[in-house]
Amino acid sequence: MSISSVLAKRFSNYDSQQSVGSKLRTKRIAPLLEMIEEVFNMHGAVSVIDIGGSEQYWGIVPLQYLTEHNVKITIVNLPGSRLPADHGPFAFVESDGCDLARFSDRSFHIAHSNSVLEHVGDWRRKVQFTKELERVSQAYFVQTPNYWFPIEPHFMTPFFHWLPAPARVWLVRHFKLGHFETAESIGDAVMLVEHADLVTNDMFRYLFKDARIVTERYFGLPKSFIALKK
């Protein structure tokens with residue numbers, strides 16, 4: 001097993017509550033829970049749209065908590081995603097996070113997005129994703145990894161994302177990195193490399209001008225950013 005695979009298992013195995021990633025997520029969502037409680041106290045119910053999320057992610061919140069706070073979560077993923085049937089507090093919808101036209105303005109109390117912004121595409125799509133997220137919600141919680149953190153969170157390889165694109169393509173063609181198997185073709189390698197496009201602090205602040213930005217640190221280094229707007 002490669003070193004990056006070991007790091008991936010240790011840091012981002014979200015099936016284990018003991019992994020570093022799970023512990024960071026549990027700490028990270030404290031402001032989100034505060035939002036939920038404030039909305040519940042005002043309205044007696046909470047509607048959340050989770051763009052690009054998963055039911056697994058919400059396992060960090062006890063189901064009893066969601067039930068007691070009358071939370072309904074609409075999980076949105078790209079068309080073609082294998083989505084389960086609606087159940088419990090969860091509804092599942094196919095839609096592009098950059099085009100949420102099926103939802104009306106301010107139709108959700110809270111918009112939530114965790115480690116998705118870096119996957120939506122180029123800068124134009126990032127801007128559109130931000131606009132749509134803000135349009136459909138009254139408040140939001142958005143997290144994304146920091147470009148300047150030395151370990152790339154998807155390939156779990158130090159400095160990987162700072163290398164020129166051809167070098168990254170070569171690496172994923174020849175090595176198993178993080179959660180990814182070795183790419184079978186040059187086309188697959190390019191798609192993997194383009195899969196994640198991290199942003200800097202300044203870029204994130206530009207996208208979420210009206211939000212309070214929280215920096216999440218790991219061993220003192222800024223690991224990711226969270227945009228909070230109530």
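1. Contacts across the chain. In this predicted model, residues 24 or more positions apart make up 62% of the contacts with a separation of 6 or more. The chain has 230 residues, and 47% of them count as buried. Its secondary structure consists of 8 helices and 7 strands.

2. Helix H3, length. H3 covers residues 30-43, which is 14 residues. At 1.5 Å a residue the helix should span 20 Å, and the C-alpha atoms at its ends are 20 Å apart, so the expected and the modelled span agree. After the helix comes Gly44, with a positive phi near 80 degrees.

3. Helix H3, buried face. Which residues of H3 are buried? They are Leu32, Met35, Ile36 and Val39. Viewed down the axis of H3, these buried residues fall within an arc of 100 degrees, and they therefore line one face of the helix. The general background is that an α-helix has 3.6 residues a turn, so residues three or four places apart point the same way. The partners of the buried residues of H3 include five strands' worth of entries best given by name: strand E1 (46-51), strand E2 (71-77), strand E4 (108-114), strand E5 (137-145) and strand E7 (221-229), together with helix H4 (63-68).4. His112 in strand E4. His112 is found in E4 and counts as buried, at 0% relative accessibility. Leaving aside residues up to four places away in sequence, His112 touches Leu32, Val48, Ile49, Asp50, Ile51, Tyr57, Trp58 and Phe141. Leu32 is also one of the buried residues of H3. The C-alpha atoms of His112 and Gly53 are separated by 8.3 Å, with their positions 59 residues apart along the chain.

5. Leu66 in helix H4. Is Leu66 buried or exposed? Leu66, which lies in H4, is buried, with a relative accessible area of 2%. Not counting residues up to four places away in sequence, Leu66 touches Val61, Val71, Ile73, Pro89 and Phe90. Leu66 and Ala45 are 21 residues apart in sequence, and their C-alpha atoms are 9.9 Å apart in space.

6. Helix H6. The buried residues of H6 are Arg168, Val169, Leu171 and Val172. Down the axis of H6 they fall within an arc of 160 degrees, so they line one face of the helix. Their packing is against H7. Pro166 also lies in H6, but Pro166 is exposed, with a relative accessible area of 62%.

7. Helix H7. In H7 (residues 186-194), the residues Ala189, Leu192 and Val193 are buried. They cover an arc of only 95 degrees around the axis, which puts them on the same side of H7. Exposed Met191 and Glu194 are carried on the face turned away from the buried side of H7. The buried residues of H7 pack against H6. As for spacing, Pro166 and Ala189 are 23 residues apart along the chain, and their C-alpha atoms are separated by 9.8 Å.

8. The second largest pocket. How much space lies in the second largest pocket? The volume is about 210 Å³. The pocket is lined by 15 residues, of which Arg168, Val193, Ala196, Asp197 and Leu198 are the closest to its centre. By class, the lining has 6 nonpolar, 4 polar and 5 charged residues. Arg168 is among the buried residues of H6, and Val193 is among those of H7.

9. Positive phi at Phe159. Most residues other than glycine have a negative phi. Phe159 is not a glycine, yet its phi is positive, about 65 degrees. Where does Phe159 lie? Phe159 is in the loop between E5 and helix H6 (165-174). With a relative accessible area of 45%, Phe159 is partly exposed, because the cut-off for exposed is over 50% and that for buried is under 20%.

10. Positive phi at Phe219. Phe219 likewise is not a glycine and has a positive phi, of about 50 degrees. Phe219 lies in the loop between strand E6 (212-218) and E7. Its relative accessible area is 75%, and Phe219 is exposed.

Definitions and conventions
Residues are numbered from 1 along each chain as its sequence is written. This is a predicted model: local features need pLDDT of at least 70, side-chain atom pairs count only at pLDDT 80 or more; totals for chains, interfaces and linings use all residues. Side-chain values use heavy atoms; hydrogens and water are left out. Helices (H or I, at least four residues) and strands (E, at least two) are DSSP runs, numbered from the N terminus. The expected span of a helix is 1.5 Å times one less than its number of residues. Buried means under 20% relative accessible area, exposed over 50%, partly exposed in between (1.4 Å probe, protein chains only). The arc is that of the directions from the helix axis to the C-beta atoms. Contact means heavy atoms within 4.5 Å. On a 1 Å grid over the protein atoms alone, a cavity is a set of points where a 1.4 Å probe fits but cannot get out, and a pocket is an open set with protein on both sides within 12 Å along at least five of seven lines; lining residues have an atom within 4 Å of a point. Grid points are joined across faces, edges and corners, and a volume is the space filled by probe spheres set on the points. Ala, Val, Leu, Ile, Met, Phe, Trp, Tyr, Cys and Pro count as nonpolar, Asp, Glu, Lys and Arg as charged, and the others, Gly among them, as polar.
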